[in-house]
Amino acid sequence: MTTVQTSTSAHGGPVAPRSSALTPLDSSEIRLTGGYWFEKQQLNAHVVLQHCEDWMERIGWTANFDRAASSETGWEHSGIEFVDSEVYKLLEGMAWELGRSHDADLAARYDRLVSRVASAQDDDGYLHTSFGRPWQPARYSNLEWGHELYSFGHLIQAAVAAARSGLDSAIVDVARRLADHLWEAFGPEGRVAVCGHPEIEVALVELGRALDEPRHVELARLFVERRGHGLLAPIEYGPEYFQDDVPVRDADVLRGHAVRALYLAAGALDVAVETGDAELADAVRRQWEATVARRTYVTGGMGSHHQDESYGADFELPPDRAYSETCAGIASNMLSWRLLLQDADPRYADLIERTLLNNVMASPRHDGRAFFYTNTLHQRTDGVAPDETESNARALSSLRAPWFEVSCCPTNVARTLASVESTFATTTPGGLQLHQYGDYDVDTALADGTVVAVSVRSGYPYTGDVTVTWREDTGREVDLDLRIPSWAGSARVGRGGAAGGAAAGEAAAGEAPDVRVGRTATVSGRFRAGDVVTVEFPLEARWVTPDPRIDAVRGQVAVQRGPLVLVLESTDLPSGDVNDVVVDTGATLETTATGASVDIARFADETVDWPYGESGGRVVPLGRVDLVPYASWANRGPSTMRVWLPTA
Ligand SMILES: [Zn+2]
């Protein structure tokens, strides 16, 4: 088996709906060239992928496939039931990276791993290392907790990534045979059941799109429709945990286990799009809106219960008990991206930006060798450095850990970073839309063949300037749409000509006939090679006040600088920890290169024997301190940290 680039077969990024308001770019049509995201993607390519591979090799998760393929009997499976899925998410990340870099070493590693997975497939297409052998639980004997179809979903997504990256890989045929098996097992003639962890839905729709096979979409539809009817056996957390309490089309908000809820909603929207089910699509929109309005942290994180990794009630968002699993942030972006493609509403891109730059990017350590699983918003005690040679318990949140017993987050970060630019830009027949900013090149064509070749350059997320340079003549008038982030509120748009002259000057809304500024800045015209459009967003640090119904942070403020939520980390305090600080919102916030600084005070040390009384504590000035991006905290050793600062 060899991995060959066949660019003609490549089509689409991770999501390629049959119909949508916005058309996603193929993975070959957008390329990061520098700056924040390029560095993160390079770290992923050169460190994170290998890190995940090494860990799974070391602790026997990849070897499960070798044993499954062998004639050996009675062997002991390594890891919990669904560790196959981590190998698949790694394969997905590798595929996106290979489609871009054509790296020979990575290709060889990828092919070897695919080969090991493929050799474990049963003759009827079933492929799982934890179930079905005489000494193992029977196939589909534990749909509540076994994660069999969940794992299959990740295998299928890995196959979609291979197909869309133009890799001639055996993983595509493995997925096809597996999906055929699922059709027999759970299709119209099969067992009426669902998996306890949604994921197969979103994967089957995408496989159906990639292979043009309507049966895969139909099976996804069946899984979506079956959920919410109590098909899964009772569990201690109740049916809400796996969204089996209410049919998807009847639910008003996301609830239960956050990752499950979000994967399901993404799959439901995919089904709705493919089948033209407007009612189902509206249900997902409604759930997104309610969840964003009442069940989302300022970092974009979702999930406030540790016990069952679930959403809390409306406005139940305690910062020090935030679960905010990295995977939930990734899943939230999967859902928002699908909604953005359908509705072209910049709100979805706003949430993607917030969630990516804060919740998701908090997970990988600077060196790419350790990860947060949960993402607290208030660390009250110094973290304990985890043992870097052992798998850690999943909920450890004080310092990043190299690997977890349930290690869903590192591989999810890997596949996300490998394809992160896929959500940055789209096209319509009329033009190009930029949703996220950074340094990247777009080379695509509109539906009528109009060439769109631009270079986007920006100091984002640390500076708010964006420059779009056209590299080829469009030949006709097109619209360039630039999202104005909700935190910016306004933008200064400028336009320059190819020869250095004829600059149209800076324009605000209505000042130039070819510039329209609302939630999106639209610049229209026939662009020639060398034409430049500039946008500048004000990203000075500013106070953020919570809805008073979020009791846990009432009377507190956060600081946001551009898209970045900032934190106070004890590392930056002259003394003490973050738990006794007070801030005066009348104090001047100074915007710094990557964060902000502010004068801060603290409650005076007063011994109390009962922490309730009639008067507040005495406050003493502490001096000026730096606030740093949330995503970068805990990279300088054990510390305490808080996003929300009590006001004086
Ligand atoms: Zn996770």
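Student: How are the donor residues of the zinc ion spaced in sequence?
Tutor: This is a predicted model, where local features need pLDDT of at least 70, side-chain atom pairs count only at pLDDT 80 or more, and totals for chains, interfaces and linings use all residues. Residues are numbered from 1 along each chain as its sequence is written, and side-chain values use heavy atoms, with hydrogens and water left out. Donors are N, O and S atoms within 2.8 Å of the metal (3.2 Å for Na, K and Ca). For the zinc ion, the spacing of the donor residues reads E-x1-C-x80-C-C.

Student: Which protein donors does the zinc ion have?
Tutor: They lie 2.1 to 2.3 Å from the zinc ion. The donors are Glu325 (OE), Cys327 (SG), Cys408 (SG) and Cys409 (SG).

Student: How many residues apart are Glu325 and Cys409?
Tutor: Glu325 sits in the loop between α10 (278-294) and α11 (326-343), while Cys409 belongs to helix α13 (residues 408-418). Helices here are DSSP runs (H or I) of at least four residues, and strands (E) of at least two. The pair links distant parts of the chain, and the separation is 84 residues.

Student: What geometry does the site of the zinc ion have?
Tutor: Four donors count as tetrahedral if all angles lie between 85 and 135 degrees. The four donor atoms here make angles of 94 to 120°. The site is therefore tetrahedral.

Student: Is Cys409 buried or exposed?
Tutor: Buried means under 20% relative accessible area, exposed over 50%, and partly exposed in between (1.4 Å probe, protein chains only). Cys409 has 0% relative accessibility, so Cys409 counts as buried.

Student: How many salt bridges does a search of the whole structure find?
Tutor: A salt bridge is a side-chain nitrogen of Lys or Arg within 4 Å of a carboxyl oxygen of Asp or Glu. Searching the whole structure gives a total of 51.

Student: Which residue forms a salt bridge with Arg249?
Tutor: The closest N and O atoms are 2.6 Å apart, and the partner is Asp277. Arg249 lies in the loop between α8 (214-226) and α9 (258-275) and its partner in the loop between α9 and α10, so the pair ties together parts 28 residues apart in sequence. Both residues are buried, and the partner you asked for is Asp277.

Student: Where does Asp599, the partner of Arg624, lie?
Tutor: Arg624 and Asp599 form a salt bridge, with 3.3 Å between the closest N and O atoms. Arg624 is in strand β20 (residues 619-629), 25 residues apart from Asp599, which lies in strand β19 (residues 596-603).

Terms used: Four donors count as tetrahedral if all angles lie between 85 and 135 degrees; four count as square planar and six as octahedral if opposite donors are over 155 degrees apart and all others between 65 and 115; anything else is irregular.
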